[in-house]
Amino acid sequence: MRSSKTTPTRKPEVFRFTSQPRLEKPSLIVGWMKDIGDVSRGVADFLAGAAGGHSFCQIEPTDFFSVGGVAVESNIATFPQSRFFHDDHRNLLLLRSDEPQSRRYEFLNAVLDLAEHYKVESVYTVDGIVSMIPHTFDRRVFGVFNGTDVQRRLKGHLPAGLRWHGTPHMSTYLLWLAGRRGLQAAGLWIEVPFYLSDRQDAQAVRSAASLLGGIVGWDYETQELDRRAAEQEEMLAHLRHEDLEIDARIQRLEEGEPLDDDEQVELTEAIQGAFRRHG
Amino acid sequence: MGFRLYCEPDLNQPIMICGWSGIGKVGLVAINTIRRLAKAEPFGEIEPEGFFEPSRALIVNGLIEDMRFPATRFYAFHGPIQDVVFLVGEQQPSDPHKTYEMAEMVLEVADMLGCRRIYTAGAGVTTIHHTNKPKVWAVPNSLDLIPEIREYRNTILMSEIRDWQGEGAITGLNGLLLGVARSREVEAICLMGEVPYYLQGAPWPYPKASISVLEVLGEILHVPLDLRELQETAEKVEANIDQVLDALVTVDELPEQVREEMEILRHPRRADLGPITEAEQKDILEHIDEIFKDNSDKEA
């Protein structure tokens, strides 16, 4: 068999380092800035905050994002960011990034190049997944693994595996590319009630952070996550009390009765509207 | 990014014939058909990672079991007068730099296998009516090939297309491969089956143009091709187009000028088709595309 390889041409300035941390076979957590229930972002923000909030490296945006202007979201001009953080205490690398708009293969390989440079032992991704559960139920977490070794290793933490046949998510693509390099990687997919999917589901963020901490053996002060989850529960309880239609539909979900498409849309709009009204 | 050969086929100075997905899937359908009829054997592929986004992931009980990408495969065929390498590409890279890299890679394989000539197949968009038999436009990368092309059946050079004066552009790999081959001093010819301009955005293939290309290739290779199956598909597509045009003229909001053009397309014998202005062509395309979009949305 004959084959030929050409190494993807990567410009040397793809990374911009401000320091070079010293870590011993760290884990790499990847969090994206937009996902269902803002779970990925919530976990990444939490971990970045716990790490001190200082990034040591960023991926230059020009190859992967449209840089002809800025997007404005919630009155604020935004700009794509892909920043790496390190937490020496917990031996952790964190990528907190917008999903690349183009050249995903090159972007993900750049991430894995950096992971190999730091001799990363395992890569983890965290994402939300839409579910029909009501917010009063525990969020289940489904695992995706790039090999049977990592699947066996994490079986105690992630007994349920995701099933999927379709266009791969960025995280799944990353896991698969990591597997091609012999790097163990797992994705955590946390359930988010459909009516909370367009905003941050604080309960799902807390569940994800807690499970991730358990997997890699970190201890975190989670009072802030607990407080936000409690606030969310309180707000939703208030909405149910205030709007009997919302209450009735959530109750049906609690009783395992499905809502039809129109009812789902109406419930989502009612909840979103109420959250907006209550700030 | 690279290529992988499962085995080294025993080929003697083969020619390479390439077809990629493009307008009307003319090249893809043509080359896929001929390699299937010839029972050509797959022997290698261009590794898709880096060229394409993954199209499908299969995750079973949490384990990523498969990641599918658009394939670009090589097939070998021992023809009656010459050996042939077919290349079938399910998709073209969207990034121009990657398109160039793929063209270089294809030529690298061609060079390794001792290919003496490259053919590419695709679509030529023109004002032909869908009930007419498409001609084949041929563009070589060397003047020396023109006398040979003049012998091909139902084939014209760019200079024979009205108002084109021998000039034009071939987008994507069908064209780029000619250029890269030229820089490597390898003969190459692009064969383009004519596709009506109002169908260039259609989501379905246009097999009628593929058939015209296949008739030329069959003669070049001295291989008889049974194209009845493809002919039947072409007839179904034609009936489908008629239905779409019939539906389109019933749309109330259709501007009168576009409606008149549509009537000409529906009843081609009533009047000569061309020439039409660019503005008219744009109007028709916009409305046709809307209809196709609506239909594909419904199918989805």
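In the predicted model, Gln58(A) lies opposite Arg83(A), a residue of strand S7 of chain A. This pair belongs to the antiparallel arrangement of strand S4 (residues 55-59) of chain A with S7(A), which are joined by three bridges. On its connection to strand S8 (residues 92-97) of chain A, S7(A) forms six bridges, and these two strands likewise run antiparallel. Within that pairing, His86(A) has Leu93(A) of S8(A) as its bridge partner. S7(A) and S8(A) constitute a hairpin with four residues between them, and in the turn Asn91(A) adopts a positive phi of about 55°. Five of the six residues of S7(A), which spans residues 82-87, are buried, and the strand is therefore largely enclosed by the rest of the structure.

A further covered strand of chain A is S10 (residues 141-145), in which five of the five residues are buried. Burial extends to both faces of S10(A): Val141(A), Gly143(A) and Phe145(A) lie on one side, Phe142(A) and Val144(A) on the other, and all are buried. S10(A) is joined by five bridges to strand S12 (residues 184-193) of chain A, the two running antiparallel. In this pairing, Gly143(A) stands opposite Leu188(A) of S12(A).

The predictor assigns the complex an ipTM of 0.90 and a pTM of 0.83. For chain B, the average pLDDT is 88, and 87% of the residues score at least 70. Where pLDDT is low, predicted coordinates should not be read in detail.

Contact between the chains involves 23 residues of chain B and 28 residues of chain A. On the side of chain B that touches chain A, the elements giving two or more residues are strand S1 (2-5), strand S4 (56-60) and strand S5 (63-68) of chain B. Of these, S4(B) gives the most, with five residues. The residues on this side of chain B comprise 13 nonpolar, four polar and six charged. S4(B) also takes part in strand pairing across the two chains: three bridges join S4(B) to strand S11 (residues 164-166) of chain A, and the strands run antiparallel. Gly166(A) is placed opposite Ala57(B) of S4(B).

Within chain B, strand S6 (residues 72-78) is mostly covered, with five of its seven residues buried. S6(B) pairs in the antiparallel sense with strand S3 (residues 41-46) of chain B over four bridges. In this arrangement, Glu41(B) stands opposite Ala76(B) of S6(B). Seven bridges connect S6(B) with strand S7 (residues 83-89) of chain B, again with the strands running antiparallel. Here Tyr75(B) faces Phe86(B) of S7(B) as its opposite residue. The connection from S6(B) to S7(B) is a hairpin through four residues.

Helix H1 (residues 26-37) of chain B contains 12 residues and reaches 16 Å from its first C-alpha to its last, close to the 16 Å expected at 1.5 Å a residue. H1(B) is mostly covered, 10 of its 12 residues being buried. The buried residues of H1(B) include the stretch's Val26(B), Leu28(B), Val29(B), Ile31(B) and Ile34(B), and also Asn32(B), Thr33(B) and Arg35(B). Just after H1(B), a positive phi of about 55° is taken by Lys39(B).

Two packed helices are described by the angle between their axes and the distance between the axes. For helix H5 (residues 207-221) and helix H6 (residues 228-249) of chain B, the angle is about 150° and the axes are 8 Å apart. The contact brings Pro207(B), Lys208(B), Ser210(B) and Ile211(B) of H5(B) to Leu230(B), Gln231(B), Thr233(B), Ala234(B) and Val237(B) of H6(B). By residue class, this contact of H5(B) with H6(B) divides into five nonpolar, three polar and one charged.

Helix H6 of chain B also holds Glu238(B). Glu238(B) counts as partly exposed because it has 15 C-beta neighbours inside 10 Å, whereas a buried residue requires 20 or more. Excluding residues up to four places away in sequence, Glu238(B) touches His130(B) and Thr131(B). Glu238(B) and Thr131(B) are separated by 107 residues in sequence, yet their C-alpha atoms are 7.3 Å apart in space.

Notes. Residues numbered from 1 in each chain as written. Chains lettered and ligands numbered in written order. Predicted model: local features only at pLDDT ≥ 70, side-chain atom pairs only at ≥ 80, totals over all residues. Contact = placed C-beta atoms within 7 Å. Nonpolar A, V, L, I, M, F, W, Y, C, P; charged D, E, K, R; others polar. Pairing = 2+ DSSP bridges. pLDDT = per-residue confidence, 0-100. Expected span 1.5 Å × (residues − 1). Axes fitted to C-alpha atoms, helices over the stretch in contact; angles between N-to-C directions.
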